[in-house]
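Here are a few exercises to work through with the model open beside you. Take each task on your own before you read its solution.

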Amino acid sequence: MSTPCVLVSGSCGLIGSEVSVFFAGQGYQVVGIDSNHRAVFFGPEGDTSWVLERLQREIPGYRHSTLDIRDREALLALVDEVRPQVIIHTAAQPSHDRAAAIPFLDFEVNALGTLHMLEAARRFCAESPFIYMSTNKVYGDRPNTLMLQELETRWDYTDPAFENGIPEGFSIDQSKHSIFGASKVAGDVMVQEYGRYFNMPTCCLRGGCLTGPNHSGVELHGFLSYLLKCNVEGREYKVYGYKGKQVRDNIHAEDVARFMFEFIKAPRAGEVYNLGGGKANSCSILEAFGLAEGATGLKMKWQYLDENRIGDHICYYSDLRKMQAHYPAWGISRPLPEIVGEIANSWMQRLSSAV
Ligand SMILES: NC(=O)c1ccc[n+]([C@@H]2O[C@H](COP(=O)([O-])OP(=O)(O)OC[C@H]3O[C@@H](n4cnc5c(N)ncnc54)[C@H](O)[C@@H]3O)[C@@H](O)[C@H]2O)c1
């Protein structure tokens, strides 16, 4: 049998790189697409060239394309040539806050770029599972309308209907999404549509906070990674509103890749899953400070700003029950303190080798 091929867009990003390494380990040939737009969105701190070097070093036969997914013709030609058995689409403008300053670029990458990926798949490999990294921002700020209780270090849902977190049936309509959330909704709905209308094996993974040691965390994207970077560097971290008690659920990128692998073994059409760390891997920012200090022994420096980020969730954690019902072999393998430890070590190594 010939070697199966996975095409990974955004292969130098947090999720794309993890997926590339994971699928290579499962015997796949990996073709990665990444134009290093993260450096365009976030400047030199977002540069992912170091990840490309790592992929080229660690993955035998890794093939890289620097094409921009906005370039329809180049993308169609690549997919026609490669005809991958699996497509994993993670390339994106990923920042909630950054999008408002670059609305055209944000929409072209997140919405139009996703359509380019889908249409290339439909023309040349319609049977191949197509996995799209969506986001919990598709729910807009609607989770903030749920009744919340203020606990000592975090907010939490009062309504027992949400004790396991936010389910996939939660409305994505009529709430404030941010420009980024809206462009991701467009991509998400289009991926569902190619599943439903063309019966292609597509799915949307609506991520919570996806993280891990390979994240180039910056202030505007990559909460836990950036928080640990600040801790290790002794840099001040800014907390935006909600008393620092806002809750995020965190999942290691490898657990994301493990879910994708389960999906391609038994793909469904037009599915949607909320993919985060769930309640067990959730923490507030204040709690994350404690975890960071525990991991590095360094005191967190931080400043509180009374104004929250526009549309920011006060409390969000994913209800993982649908994923677990459809794919019982999958579950979270990395508890939060372990994830924090890995990220801390990675920053300490990266920053000491940069000196
Ligand atoms: N990290 C998170 O916490 C999180 C949470 C929810 C959803 N997501 C989603 O997961 C996906 C991956 O996120 P990530 O954290 O790995 O982001 P990332 O920024 O680390 O990776 C995205 C990669 O795509 C590349 N890219 C961007 N525009 C491109 C273009 N036009 N052509 C080719 N390559 C391009 C970037 O250079 C970058 O390497 C995104 O769709 C994001 O919206 C991420």
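**Exercise 1.** Are α5 and α6 roughly parallel or roughly antiparallel to each other?

*Solution.* Keep in mind that this is a predicted model. Start with the axes: those of helix α5 (residues 103-124) and α6 come within 8 Å and cross at roughly 10°. Angles under 35 degrees count as roughly parallel. The two helices, α5 and α6, are therefore roughly parallel to each other. Next, look at who makes the contact: α5 contributes residues including Phe 107, Ala 111, Leu 115 and Leu 118, while α6 contributes, among them, Phe 180, Ala 186, Met 190 and Val 191. Sorted by class, the contact of α5 with α6 has 11 nonpolar, 4 polar and 4 charged residues.

**Exercise 2.** Find which residues come nearest to the ligand, then describe its polar contacts and its surroundings.

*Solution.* Begin with the shell. There are 31 residues around the ligand, and Asp 34, Arg 38, Asp 68, Lys 184 and Gly 208 come nearest. By class, the shell divides into 14 nonpolar, 13 polar and 4 charged residues.

Now zoom in on oxygen atoms of the ligand:

- An N or O atom in the side chain of Asp 34 is 2.6 Å from a ligand oxygen.
- A polar backbone atom of His 37 is 3.0 Å from a ligand oxygen.
- A backbone N or O atom of Gly 13 is 3.2 Å from a ligand oxygen.

Then ask about cover: of the 820 Å² of accessible area that the ligand has on its own, the protein covers 97%. Finally, trace the shell back to the fold: α1 (14-25), α2 (37-42), β5 (130-135), α6 (178-196) and β9 (209-211) each give two or more residues to it.

**Exercise 3.** Where in the chain does Asn 36 lie, and where does Tyr 242 lie?

*Solution.* Most residues other than glycine have a negative phi. Asn 36 has a positive phi, near 55°, and lies in the loop between β2 (29-33) and α2. Tyr 242 also has a positive phi, near 55°; its place is the loop between β10 (237-240) and β11 (247-252).

Conventions: Residues numbered from 1 in each chain as written. Predicted model: local features only at pLDDT ≥ 70, side-chain atom pairs only at ≥ 80, totals over all residues. Heavy atoms only, no water. Near = heavy atom within 4 Å. Polar contact = N/O pair within 3.5 Å; in protein donor to acceptor, adjacent residues only side chain to side chain. Areas by Shrake-Rupley, 256 points an atom, 1.4 Å probe, with all protein chains shown as cover. Helix = DSSP H or I, 4+ residues; strand = E, 2+ residues; numbered from the N terminus. Nonpolar A, V, L, I, M, F, W, Y, C, P; charged D, E, K, R; others polar. Axes fitted to C-alpha atoms, helices over the stretch in contact; angles between N-to-C directions. Parallel < 35°, antiparallel > 145°, perpendicular 65-115°, else oblique. Contact = heavy atoms within 4.5 Å.
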